[in-house]
Amino acid sequence: MIRQRTLKSVVTTTGIGLHSGKKVQVTFKPAPANTGIIYTRTDLNPPVSIKCEPNSVRDTQLCTALVNLDGVRISTVEHLTAALCALGIDNLYVDVNAPELPVMDGSSQPFIYLFESTGVELLNEPKKFLLVKRPVRVADEDKYASLVPNNGGFSLDLTIDFDHPAMEKELQHFSLKFSGKSFVNELARARTFCFMRDVEYMHANNLALGGSLENAVVLDDYRVVNPDGLRYANEFVKHKMLDAVGDLYMQGLSILGDFKAYKTGHKLNNMLLRALLSDSANYEIVTLGDSSEHAIDYLDNYEVASVGILCK
């Protein structure tokens, strides 16, 4: 059987909060089978825990934020969640001493590297998957996101549409057959991006105060401002796909189906996951044998240890 996963040991890192601009510390701890992904705000007295699940996503402005009914929030979880999806980690305690996770370099790669130092632990319980049984679609004007059944695994097809000299039209579409290795090779290093014309508005609303050329791709009206340019020629659409992987893993269950979207973002991604789960006829929670046609290949410990080579 394909088994549930957690980390082998505790690991801690620090970084800058994208929106607060303040130093943030986060500690990742192994969790037993069937725990899910549990975030805890350790800076509060008493500490407050929030389980990672679609209904806890109550803010999608410029990030995915978990917010409980008392208004306690943990923002910018999507890049971490995407990394957990690639590693197949479905049980984890995440302790953070701030209202948001550190943005790191604006991608999922630093979290993959971090978990390299601990290794992945296989648990003695079968891993659960969300098997799409019926087509589900959500839309907002011309934007849409959909999930349909497929013949095996998880695939993504995403198109963005920006009218900007640095974003060539033929590089605004990307499709991927998801696996741990394909995520690391094709998506993990793709950074969040923003336009300089929007920075003044964001700062006036206390957003992106920690944003810099160290953790985002920044564009002026004509070009990419970052001195080293892009990591991928199509980094913009790849980052949107990275976000979608993270947003669709908010249940802590890998999806088995085909995702297709046009101009999607955190809001539509979350709406789609909620729509899928709103009717039990839309999906089935299944477990799989190692040789199942639906199986997803996650990174094993050897491949995680080799991730530096895969990312070059």
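## Loops and backbone oddities

Helices (H or I, at least four residues) and strands (E, at least two) are taken here as DSSP runs, with numbering that starts at the N terminus. With that settled, proline 46 sits in the loop between strand 4 (37-41) and strand 5 (48-51). This is a predicted model, and in it the peptide bond from asparagine 45 to proline 46 is cis, with omega near 0°.

Two other loop residues have a backbone angle worth a look. Methionine 104, in the loop between strand 9 (92-96) and helix 2, has a phi near 55°, which is positive although the residue is not a glycine. Glutamate 141 also has a phi near 55°, again a positive value in a non-glycine residue. Its place is the loop between strand 12 (136-140) and strand 13, and with a relative accessible area of 76%, glutamate 141 counts as exposed.

## Helix 2, tucked away

How many of the eight residues of helix 2 are buried? Six of them are, so helix 2 (residues 109-116) is largely enclosed by the rest of the structure. The buried set is made up of Gln109, Pro110, Phe111, Ile112, Leu114 and Phe115.

Take phenylalanine 111, one of the residues in this helix. Its relative accessible area is 3%, and since buried means under 20%, phenylalanine 111 is buried. Setting aside sequence neighbours within four places, phenylalanine 111 is in contact with Phe28, His79, Leu80, Ala83, Pro102 and Met104. So methionine 104, the one with the positive phi, turns up in this contact list too. Phenylalanine 111 and leucine 84 are 27 residues apart in sequence, while their C-alpha atoms are 8.5 Å apart in space.

## The nonpolar cores

The largest nonpolar core has 83 residues, and Phe28, Tyr39, Phe115 and Phe259 are the ones that touch the most other members. Helix 1 gives the most to this core, with seven residues. Separate from this core is another one of five residues, including Cys194, Leu207, Ala208 and Val218.

Phenylalanine 28 shows what a well-connected member looks like. Beyond residues up to four places away in sequence, phenylalanine 28 touches Leu7, Ser9, Val10, Val11, Thr13, Leu80, Leu92, Tyr93, Val94, Phe111, Leu114 and Phe115. Among these partners, Phe111, Leu114 and Phe115 are buried residues of helix 2.

## A buried asparagine

Asparagine 150 belongs to the loop between strand 13 (143-148) and strand 14 (154-159). Is this residue buried or exposed? At 17% relative accessibility, asparagine 150 counts as buried.

The side chain has polar company. It reaches the backbone oxygen of glycine 257 at 3.3 Å, and a polar contact of 2.9 Å joins the side chain of asparagine 150 to that of aspartate 258. Leaving out neighbours within four places in sequence, the contacts of asparagine 150 are Ser155, Leu256, Gly257, Asp258 and His294.

## Pockets

The largest pocket has a volume of about 1100 Å³. Its lining runs to 41 residues, and those nearest the centre are Leu62, Thr192, Phe193, Cys194 and Lys240. Cys194 is also a member of the five-residue core. At least two lining residues each come from helix 1 (78-87), strand 16 (193-195), helix 4 (196-204), helix 5 (235-247) and helix 6 (266-277). Which element gives the most to this lining? Helix 4 does, with six residues. By class, the lining splits into 18 nonpolar, 14 polar and nine charged residues.

The second largest pocket holds about 280 Å³ of space. Gly36, Lys51, Gln251, Gly252 and Leu253 are the closest to its centre, out of 16 lining residues. Here the lining has five nonpolar, seven polar and four charged residues.

## Closed cavities

The structure also has two cavities of 30 Å³ or more. The largest cavity contains about 40 Å³ of space, and its walls are Ile160, Ala166, Met167, Glu168, Leu171, Gln172, Ala233, Asn234 and Phe236. That makes six nonpolar residues, two polar and one charged.

The second largest cavity contains about 30 Å³. Cys85, Phe154, Val245, Leu248, Tyr249, Leu253, Ser254 and Ile255 line this one, with seven nonpolar residues, one polar and no charged. Leu253 is in this list and is also among the residues closest to the centre of the second largest pocket.

Terms used: Residues are numbered from 1 along each chain as its sequence is written. This is a predicted model: local features need pLDDT of at least 70, side-chain atom pairs count only at pLDDT 80 or more; totals for chains, interfaces and linings use all residues. Side-chain values use heavy atoms; hydrogens and water are left out. On a 1 Å grid over the protein atoms alone, a cavity is a set of points where a 1.4 Å probe fits but cannot get out, and a pocket is an open set with protein on both sides within 12 Å along at least five of seven lines; lining residues have an atom within 4 Å of a point. Grid points are joined across faces, edges and corners, and a volume is the space filled by probe spheres set on the points. Ala, Val, Leu, Ile, Met, Phe, Trp, Tyr, Cys and Pro count as nonpolar, Asp, Glu, Lys and Arg as charged, and the others, Gly among them, as polar. Buried means under 20% relative accessible area, exposed over 50%, partly exposed in between (1.4 Å probe, protein chains only). A polar contact is a pair of N or O atoms within 3.5 Å; within protein, one must be able to donate a hydrogen and the other to accept it, and residues adjacent in sequence count only if both atoms are side-chain atoms. Contact means heavy atoms within 4.5 Å. A nonpolar core is a set of buried Ala, Val, Leu, Ile, Met, Phe, Trp, Tyr and Cys residues joined through side-chain atoms within 4.5 Å.
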